[in-house]
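Let's take a walk through this one together. Have the sequence and the 3D view open, and follow along as we go.

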Amino acid sequence: MENNPRSSAVPEPFSYPAVDGEIIVLLKDRPEFIVAGHVGPDGDCLSSQFAMAALLQKLGKVVHLANAGPFDRSEIAHLRSDFLTHIDDGLRGRNPVVVVVDCSSPDRLGHLADEIEGLTTLVFDHHSSGEKFGDFRYIVPRSVSTTMIIMHLYKTMGVPIDTEIAEHLFFGLATDSGFFRFLSSYRGETLRMAAELVDLGVSPNAMADRMSGGKSEGYVRYLGKLIDRSESLFGGKLMISSSYLKDARSFTTSDKPSDSLYQILLSIEGVEMVLYFKEIDHNVTEVGMRSAYTSPINVGELAESLGGGGHRKASGVTLECSIDEAKRRLIEAAGALLLS
Ligand code: 5GP
Ligand code: MN
């Protein structure tokens, strides 16, 4: 029989590394925990916080969720009351363990970083860049989402996953993988984990609806405006668009349709990079960055060089400057990468 010409090139299947025994002991032994995530929480962050809190509750622990917010986006606004936005001295005095999820560096915690100083801290994350922090870390950059890292922790600790937890785990995976679109070859383990969650009662259909449905008409009209406002630079290799403070007067949505915007702008042939500038204040600008599947551009490195972070194909940074200055700096840096 003829050999399969691809078989010799098949890499070892990915599997999650073992979780450090000291982490397991800490989770089992200590009575009280704070589960914290990053500022401007997204689907993977919030789902990871809920799934981690549920694991600790199943172990009989007292658990507090903490996030500096903001919780302005409509799909998460109702969750605001579940989270502490500050750690008060009473709680600090009981010496809880802090479990930080989905944060590549301490500054991602916003003002909570100072408030947890001195408390034993565990970090579970999947970002490839960032500043090592915390007393114990379980960092798996090849994990598609932080929720898959937490699913591995459930399995390691033999804690059963009920349907509600399975939904959190699946939702983080769905949001960070663009509903599996960003998954590469030989990563069958991620789909097998997703399949397990579906067999535990998760409906991918309901999750897709939770992820991209339920938007207001104003949101879709704003997406139209952002597409209309977009500009093509460097011979079509870069697309940029911007949100301004003044938009609040014309568009009745607090949501920024960034994921849809990235997807649409990246679908243009020849586009290698998308930069999305968000005017947060007159001297604060958030920049979201994406690079195309086929492009060698690493936007994680670009964001990190400016003080932000993220992944190879998706990253961001917050700059303390006007939106015009942020554009000038980023377009220059992007040009150096795209024209080299
Ligand atoms: P998004 O554009 O969806 O907000 O973020 C994309 C990715 O970049 C996420 O993985 C997120 O964690 C990361 N990211 C976004 N903004 C920042 C930032 O200001 N600092 C760091 N370290 N990472 C960021
Ligand atoms: Mn994540």
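Three elements each give at least two residues to the lining of the second largest pocket: helix α2 (43-58), strand β2 (62-66) and helix α7 (163-176). Keep in mind that you're looking at a predicted model. Of these contributors, α2 has the largest share, with four residues. The pocket itself holds about 160 Å³ of space.

So who's around the edge? The lining includes Phe50, Ala53, Ala54 and Gln57, along with Val63, His64 and Leu65, and also Asp162, Glu164, Ile165 and His168. Sort that lining by character and you get six nonpolar, three polar and two charged residues.

Phe50 is a good place to step away from the pocket, since this lining residue also belongs to a cluster: ring pairs tie it to Phe71 and Phe83.

How many aromatic pairs turn up in the whole structure? A search finds nine. In one of them, Tyr262 and Tyr276 meet edge-to-face, with 6.1 Å from centre to centre and 75 degrees between the planes. This pair bridges distant parts of the chain, as Tyr262 belongs to helix α12 (residues 258-266) and Tyr276 to strand β8 (residues 273-281), 14 residues apart. Are these two tyrosines, Tyr262 and Tyr276, buried or exposed? Both are buried.

Rings also have charged company here. Arg187 lies over the face of Phe14, 4.4 Å from the ring centre. Elsewhere, Arg210 places its charged end over the ring of Phe171, at 5.4 Å from the centre.

Conventions. Residues numbered from 1 in each chain as written. Chains lettered and ligands numbered in written order. Predicted model: local features only at pLDDT ≥ 70, side-chain atom pairs only at ≥ 80, totals over all residues. Heavy atoms only, no water. Phe/Tyr/Trp six-rings, centres within 6.5 Å; stacked < 30°, edge-to-face > 60°. Buried < 20%, exposed > 50% of the residue type's maximum accessible area, 1.4 Å probe, protein only. Lys NZ or Arg CZ within 6 Å of the ring centre and 35° of its normal. 1 Å grid on protein atoms, 1.4 Å probe; cavity = no way out; pocket = protein on both sides within 12 Å on 5 of 7 lines; lining within 4 Å. Points joined across faces, edges and corners; volume = space filled by probe spheres on them. Nonpolar A, V, L, I, M, F, W, Y, C, P; charged D, E, K, R; others polar.
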